[in-house]
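Here is a short briefing to read alongside your structure. Have the viewer open and follow along at the bench or at your desk.

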Amino acid sequence: MTQTKIELDITGMTCGHCQSGVTQALKSVPGVVDAQVNLKTGKAVVQGNVEPQQLIAAVVEEGYAAQVANP
């Protein structure tokens with residue numbers, strides 16, 4: 001299977017602790033190779049072989065809202 005890049009819009013992050021929690025939640029999803037979360041832009045870029053819904057579920061479980069970013 002090929003790796004994909006998925007960009008998410010994350011809402012609810014207000015500090016570095018939030019950013020760290022979301023990053024760890026995304027990296028814990030099976031199939032994720034890397035996850036970068038930008039607090040200022042509210043964006044996350046995830047590399048790996050994973051479905052967007054799995055990523056969104058991980059973010060929601062952490063206490064934030066997420067959706068796939070518009071290209």
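Which strands does helix α1 (residues 16-27) lie across? Helix α1 lies across β1, β2 and β3 (43-48), and its direction is at about 160° to that of β2. Please keep in mind as you look around that this is a predicted model.

**The sheet**
- Four strands form an open sheet in the order β2-β3-β1-β4, and the pairing is antiparallel.
- At the edges sit β2 (32-38) and β4 (65-68), each of which pairs on one side only.
- On average, neighbouring strands in this sheet are turned by 25° against each other, direction ignored.
- As general background, strands of a sheet pair through backbone hydrogen bonds, in a parallel or an antiparallel way.
- Between β1 and β4, which run antiparallel, there are four bridges.
- If you want a residue to click on, try I10, whose bridge partner in β4 is A66.

**The second helix**
- Helix α2 (residues 52-62) also packs on the sheet, where it touches β1, β2, β3 and β4.
- The direction of α2 makes about 165° with that of β4.

**Around D9**
- You will find D9 in strand β1, which covers residues 4-11.
- The side chain of D9 makes a polar contact with the side chain of K43, at 2.5 Å.
- Leaving aside residues up to four places away in sequence, D9 touches G42, K43, A65, A66, Q67, A69 and N70.

**The cysteines**
- How many disulfides are there? The count comes to zero.
- C15 is in no disulfide, and the nearest cysteine sulfur, that of C18, lies 3.4 Å away.
- Why is C18 not bonded to C15? The closest cysteine sulfur to that of C18 is the one in C15, and because the two are 3.4 Å apart, they are too far for a bond; the cut-off for a disulfide is within 2.5 Å.
- Is C18 buried or exposed? C18 has a relative accessible area of 8%, so this residue is buried, because buried means under 20%.
- C15 has 30% relative accessibility and therefore counts as partly exposed.

**Before the first strand**
- T2 belongs to the segment before β1.
- With 62% relative accessibility, T2 counts as exposed, because the cut-off for exposed is over 50%.
- Not counting residues up to four places away in sequence, T2 touches G48 and N49.
- T2 and A58 are 56 residues apart in sequence, and their C-alpha atoms are 21 Å apart in space.

Key. Residues are numbered from 1 along each chain as its sequence is written. This is a predicted model: local features need pLDDT of at least 70, side-chain atom pairs count only at pLDDT 80 or more; totals for chains, interfaces and linings use all residues. Side-chain values use heavy atoms; hydrogens and water are left out. Helices (H or I, at least four residues) and strands (E, at least two) are DSSP runs, numbered from the N terminus. A polar contact is a pair of N or O atoms within 3.5 Å; within protein, one must be able to donate a hydrogen and the other to accept it, and residues adjacent in sequence count only if both atoms are side-chain atoms. Contact means heavy atoms within 4.5 Å. Two strands pair if DSSP finds at least two bridges between them. Axes are lines fitted to C-alpha atoms, for helices over the stretch in contact, and angles run from 0 to 180 degrees between N-to-C directions. Buried means under 20% relative accessible area, exposed over 50%, partly exposed in between (1.4 Å probe, protein chains only).
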